[in-house]
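Trainee: I am new to this structure. Please pick a single part and take a close look at it with me. Then work outwards from there.

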Amino acid sequence: MLHTPRTIIRAWNRYDDDRCRYWPEYHDPLEVIWNLQRPQVPFSGSWLTDMIGSRRHWAVDSRSGDLMGRISLRDIDNANKQARLGITFSASYVGRGLGTEAMKGFLDSYFTDLGFDTMVLDVAAPNERAVRSYRSLSFEYVESDWRNAYNSITESVIDAPSIRHLKSHFRIEQHTVWVEFFEMRLTHDMWRQYRALHPREMD
């Protein structure tokens, strides 16, 4: 169990599956594209044999015991000491810096107690809040890929005045909308440098 000033991070349990079903819906018109399926990458060598499970999950609670979010690891690669991050927060708790705060506590444990050397993630480029949070934690941009939005978003949505500044992250080909996703990475050395610059941040 990990503690930050406003959060408690603990192992996910079967009761949490039921509790998160009652989280309210988001009202962001782009929310439907945040979790578009990642392109399949061909694996070779011993990578597959080093997988220790498809996912591991942790709950993020408030100090009063409310389930606010979930942190997960997937694509766990023991040989390279790397895993892929997933994080979801209830709409009731976004925009308060709670996800960033929880990640700070989790990253300390990820690179020490769990023994990983690198964390990777993929994030929808139009998800400004998430991208800003990851960059503030020293994640670096690696590359982009483009994902088919299928019927989840239309051209008229991305033409809305409030979203036009994000238009470079969309492509329209034969009436099909494609969304840019950033691949990002954080290494243990990068995290140590961050913590050296922010020694009192989690006090």
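Mentor: Start with the names: helices are DSSP runs of H or I with at least four residues, strands are DSSP runs of E with at least two, and both are numbered from the N terminus. The model is predicted, so local features need pLDDT of at least 70 and side-chain atom pairs count only at pLDDT 80 or more, while totals for chains, interfaces and linings use all residues. Residues are numbered from 1 along each chain as its sequence is written, and side-chain values use heavy atoms, with hydrogens and water left out.

Our part is strand 6, residues 118-124. Seven of its seven residues are buried (under 20% relative accessible area; exposed is over 50%, partly exposed in between; 1.4 Å probe, protein chains only). Strand 6 is therefore largely enclosed by the rest of the structure. Look at its two faces. In a regular strand, side chains alternate between the two faces of the sheet. On one side of strand 6 sit Thr118, Val120, Asp122 and Ala124. On the other side sit Met119, Leu121 and Val123. Both sets are buried, which leaves both faces of strand 6 covered.

Next come the partners of strand 6. Two strands pair if DSSP finds at least two bridges between them. Strand 5, residues 82-89, pairs with strand 6 in the parallel sense, over three bridges. Find Met119 in strand 6, and you will see Ala83 opposite. Strand 9, residues 176-187, runs antiparallel to strand 6, and seven bridges join the two. Here Ala124 has Phe181 of strand 9 as its bridge partner.

Now move one step out, past strand 5. Strand 4 pairs with strand 5 over seven bridges, in the antiparallel sense. Ile71 faces Ile87 of strand 5 across this pairing. The two strands make a hairpin, with four residues between them. Lys81 sits in that turn and has a positive phi of about 50 degrees.

Strand 4 also leads to Arg55. Arg55 belongs to strand 3. With a relative accessible area of 43%, Arg55 counts as partly exposed. Its contacts (heavy atoms within 4.5 Å) include Ser72, Leu73 and Arg74, once residues up to four places away in sequence are set aside. Arg55 and Leu73 are 18 residues apart along the chain, yet their C-alpha atoms are separated by 5.3 Å.

Leu73 and Met119 meet again in the core. A nonpolar core is a set of buried Ala, Val, Leu, Ile, Met, Phe, Trp, Tyr and Cys residues joined through side-chain atoms within 4.5 Å. The largest one has 34 residues. Leu73, Phe106, Leu107, Met119 and Phe139 have the most contacts inside it. Which elements supply at least two residues each to this core? They are strand 3 (55-62), strand 4 (67-77), strand 5, helix 2, strand 6, helix 3 (128-136), strand 9 and helix 5 (188-197). Helix 2 gives the largest share, seven residues.

Take Leu107 as an example. Beyond its neighbours within four places in sequence, Leu107 is in contact with Met119, Leu137, Phe139, Leu186 and Trp191. So Met119 of strand 6 is among its partners. A second core, separate from the largest, has 14 residues. Ala124, Ala149, Ile153 and Phe181 belong to this second core. Recall that Ala124 and Phe181 are also bridge partners.

Finish with the loops. Ser138 lies in the loop between helix 3 and strand 7 (140-148). Its phi is positive, about 80 degrees, although Ser138 is not a glycine. At 26% relative accessibility, Ser138 is partly exposed. Tyr150 follows in the loop between strand 7 and helix 4 (155-158). Tyr150 is also not a glycine, and its phi is positive too, near 50 degrees. A relative accessible area of 63% makes Tyr150 exposed.

Gly95 sits in the loop between strand 5 and helix 2. Is Gly95 buried or exposed? It is exposed, at a relative accessible area of 63%. From Gly95 to Trp191, the C-alpha distance is 23 Å, with their positions 96 residues apart in sequence. Set that loop residue against strand 6, where seven of seven residues are buried.
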